[in-house]
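Open the model in your viewer and keep the selection box handy. We will go from stop to stop, and at each one you will find something to look at.

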Amino acid sequence: MAEPTDLRADAARNRSRIVEAARDLFRARGIDVPMSTIARHAGVGVATLFRRFPSREALVAEVFAEQRAHCEALLHEAVADPDPWRGFRRLLEFMCVEQIEDRGFTEAFLSSFATEVDYLHQREVAESAFGTLVRRAQDSGKLRRDFAPSDLVMLLMANSGLRNAPPEHARDLSRRLLDYLLQAFGTEAAPLAPASPLGLVDHLVAQSGAQRAGAGVRPGPLVG
């Protein structure tokens, strides 16, 4: 009969295998991978997976907790950068690369259930910090005055389409697109059409609802 310590060690190993398998699958295929597929890749039974993580939401939150914390740290570093234009550029560069390389991380923010695992408050804090970064970059004279924080949504929508390009080309295409946009965001570019009032939370949750409706799943409520 196994000792309690052996049982705890076995449970810890199972949890680790589940998280690693989910991370790999989410990264390549998105967060809608069947839980049974995750269990199979982890080498555990479905019942074991649900003992460790009673819902998909709990597993998604665990898989991306460290990555979210890293993103938040980068955002705050950008806001604190003595050169706000440099901070602005580095943040956008990171976000575009992350969006291309990790499908699951992007979809974790598109899911309607994200509001149920404390993502909503964190996104609101992130939007506020990004607004501060935008104002600092504008005050530095490098970022055009008519750039709106909601333009970040437009950038991410455009960049996300490049995930459909051949994998060996997607990152280079994303880098080139961002270079074009950064030139347009500079103070020497021509005036822009009016900014859309669409906010980051509005777009992400609405898009998730549309995706789930298309799959025959009733979307969660929109939040603003």
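The tour starts with confidence and then moves to single residues and ring pairs.

**Before you select anything**

This is a predicted model, in which local features need pLDDT of at least 70 and side-chain atom pairs count only at pLDDT 80 or more, while totals for chains, interfaces and linings use all residues. Residues are numbered from 1 along each chain as its sequence is written, and side-chain values use heavy atoms, with hydrogens and water left out.

**Stop 1: colour by confidence**

Colour the chain by pLDDT, the predictor's confidence in each residue, from 0 to 100. The mean for the protein chain is 81, with 76% of its residues at 70 or more. Helices here are DSSP runs (H or I, at least four residues), numbered from the N terminus. Select helix α2 (residues 35-42) for the highest mean confidence, 95, then helix α10 (residues 200-214) for the lowest, 54. Next, pick residues 217-224, where pLDDT stays under 50. Where pLDDT is low, the predicted coordinates should not be read in detail.

**Stop 2: D81**

Now select D81, in the loop between α4 (56-80) and α5 (84-101). Is D81 buried or exposed? It counts as buried (under 20% relative accessible area with a 1.4 Å probe, protein chains only), because its relative accessibility is 9%. Show the side chain of D81: it reaches the backbone nitrogen of D83 at 2.8 Å. Beyond four places in sequence, D81 is in contact (heavy atoms within 4.5 Å) with R86, G87, R90 and R136. The C-alpha atoms of D81 and R136 are 9.9 Å apart, with their positions 55 residues apart in sequence.

**Stop 3: T48**

Move to T48 in helix α3 (residues 46-52). T48 is buried, at 14% relative accessibility, and N14 and I18 are its contacts beyond four places in sequence.

**Stop 4: the aromatic rings**

Show Phe, Tyr and Trp, whose rings (six-membered for Trp) pair if their centres lie within 6.5 Å; planes under 30 degrees apart count as stacked, over 60 as edge-to-face and the rest as tilted. The count comes to six aromatic pairs. One of them is F26 with F64, stacked at 6.1 Å centre to centre and 20° between the planes. F26 sits in helix α1 (residues 4-29) and F64 in helix α4, 38 residues apart. F26 is buried at 0%, and F64 at 2%.

Then select F88 and F147, an edge-to-face pair at 5.4 Å and 90°. This pair joins helix α5 to the loop between α7 (119-139) and α8 (151-160). Finish by adding W85, F130 and F185, which ring pairs link with F88 and F147 into a cluster.

Methods. Helices (H or I, at least four residues) and strands (E, at least two) are DSSP runs, numbered from the N terminus. Buried means under 20% relative accessible area, exposed over 50%, partly exposed in between (1.4 Å probe, protein chains only). A polar contact is a pair of N or O atoms within 3.5 Å; within protein, one must be able to donate a hydrogen and the other to accept it, and residues adjacent in sequence count only if both atoms are side-chain atoms.
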